[in-house]
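Colleague: Can you walk me through this one? I'd like to start with the ligand.

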Amino acid sequence: MTEPNNNYDLVIIGSGPAGFTAAIYAVRGGASTALFGGVAPGGQLLQTMEIENYPGFVDPVVGADLMQKMLKQTERLGAKVFQDSITEADLSARPFKLKSSSGRDYTARALIIATGAQARWLGLPSEEKYKGKGVSGCATCDGFFFRGKDVAVIGGGDSAAEDALFLTKFANKVYLVHRRDKLRATFRLVEKLKANPKVEIIYDHIPEEFTGEAKLTAVNLKNVKTGEKRSLAVGGAFIAIGHSPATGLVKGKLKLTEDGYIAADDRTATSVPGVYAAGDVMDTRYKQAVVAAGAGCKAALEALAFIEEGDVHS
Ligand code: NAP
């Protein structure tokens with residue numbers, strides 16, 4: 001085992017279920033392990049209110065609570081968790097050289113990239129203009145400020161459905177604006193939406209422009225089938241149109257898929273020996289917490305084998 005003095009057997013970047021599970025397995029496997037979790041460890045689940053499909057919890061668990069448990073479990077087992085981010089990674093030679101946002105240098109004999117995904121935006125200029133002035137990418141962070149107001153959620157997946165349901169706790173009315181005539185969200189969430197009198201689903205519409213004065217007052221929508229336009233008077237608009245893999249750190253260093261995910265094989269190995277990828281940063285299909293945790297486990301077992309073999313791979 002390499003002594004931790006900033007030189008670790010294994011460094012894991014990312015603090016979602018993939019990263020924490022990898023750390024739990026790695027440290028139990030005898031590797032000196034550091035996990036870089038950014039300033040607020042927990043990943044996307046920090047913004048999920050109720051998780052009822054993660055095994056082991058009889059009642060729904062709040063995302064932030066689940067992640068806190070994973071963090072504590074990881075630390076109890078002896079992994080070092082840094083509230084810091086890796087900003088530079090030299091993967092051209094082993095041990096890999098890493099630099100953190102606080103300016104410290106680290107080395108790793110093996111590396112697991114579990115950086116997850118970042119929220120996508122519509123890309124409208126007016127969206128940019130009203131960010132923080134009514135347009136938000138995080139209902140759980142900002143919902144509280146919209147007490148008594150009418151708000152819109154853009155999107156038709158589980159995130160949009162969850163955001164809409166969460167916002168009914170504060171808002172007077174919640175419009176769910178979806179670009180198709182069928183929601184992508186799971187059956188159970190769709191049933192909850194339909195049963196909630198505060199929610200109105202607007203199908204077949206896309207936002208064209210966010211308008212207002214100092215703050216957002218309306219979103220202009222277009223019916224994608226008829227071309228008809230309408231203005232929706234809202235004080236808040238929450239964008240929940242999915243996520244893109246967070247690959248900024250490794251772009252040009254690891255092979256990516258056409259869609260921009262880290263290309264990894266069934267054993268989570270990337271194009272660079274000793275570098276593994278787990279979770280939403282490489283999952284083109286499932287994007288579930290439990291799948292990410294499973295991939296984290298695989299990545300750690302592969303990294304342990306790699307370290308044990310003495311980095312002999314070419
Ligand atoms: P998602 O499932 O990819 O859904 C994105 C939604 O946004 C889709 O309805 C999509 O429309 C719409 N969309 C995409 N681009 C758009 C655009 N430019 N303009 C308008 N609408 C656009 O993403 P997600 O909801 O963030 O969920 C990601 C994954 O996490 C899923 O696998 C989901 O099951 C999981 N998740 C689970 C939970 C939970 O279990 N509690 C909570 C949140 C997320 P189309 O339908 O037409 O493609």
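Modeller: Sure. Start with Asn-53: an N or O atom in the side chain of Asn-53 is 3.2 Å from an oxygen atom of the ligand. Keep in mind that this is a predicted model.

Colleague: And how far is the polar side-chain atom of Asp-158 from an oxygen atom of the ligand?

Modeller: That distance is 2.6 Å. His-243 has a side-chain N or O atom 3.3 Å from a ligand oxygen.

Colleague: How much of the ligand does the protein bury?

Modeller: The protein buries 79% of the 920 Å² that the ligand exposes when taken alone.

Colleague: Which residues come nearest?

Modeller: There are 21 residues around the ligand, and Asp-158, Ser-159, Arg-179, Arg-180 and Arg-184 come nearest. By class, the shell has 8 charged, 9 polar and 4 nonpolar residues.

Colleague: Which helix gives the most to that shell?

Modeller: Helix α5, residues 158–167, with 3 residues.

Colleague: Where does the ligand lie relative to the domains?

Modeller: Between domain 1 (4–118 + 243–313) and domain 2 (121–239), because both give residues to the shell around the ligand.

Colleague: New topic. What is the strand order in the open sheet of 3 strands?

Modeller: The order is β12-β13-β14, with antiparallel pairing. β12 (205–212) and β14 (229–233) stand at the edges with a single partner strand each, so one side of each has no neighbour in the sheet. On average, neighbouring strands are turned by 25° against each other, direction ignored.

Colleague: How many bridges link β13 and β14?

Modeller: Strand β13, residues 216–223, pairs with β14 over 5 bridges. Val-219 stands opposite Leu-232 in β14.

Key
Residues numbered from 1 in each chain as written. Predicted model: local features only at pLDDT ≥ 70, side-chain atom pairs only at ≥ 80, totals over all residues. Heavy atoms only, no water. Near = heavy atom within 4 Å. Polar contact = N/O pair within 3.5 Å; in protein donor to acceptor, adjacent residues only side chain to side chain. Areas by Shrake-Rupley, 256 points an atom, 1.4 Å probe, with all protein chains shown as cover. Helix = DSSP H or I, 4+ residues; strand = E, 2+ residues; numbered from the N terminus. Nonpolar A, V, L, I, M, F, W, Y, C, P; charged D, E, K, R; others polar. Domains from an automatic or database assignment. Pairing = 2+ DSSP bridges. Axes fitted to C-alpha atoms, helices over the stretch in contact; angles between N-to-C directions.
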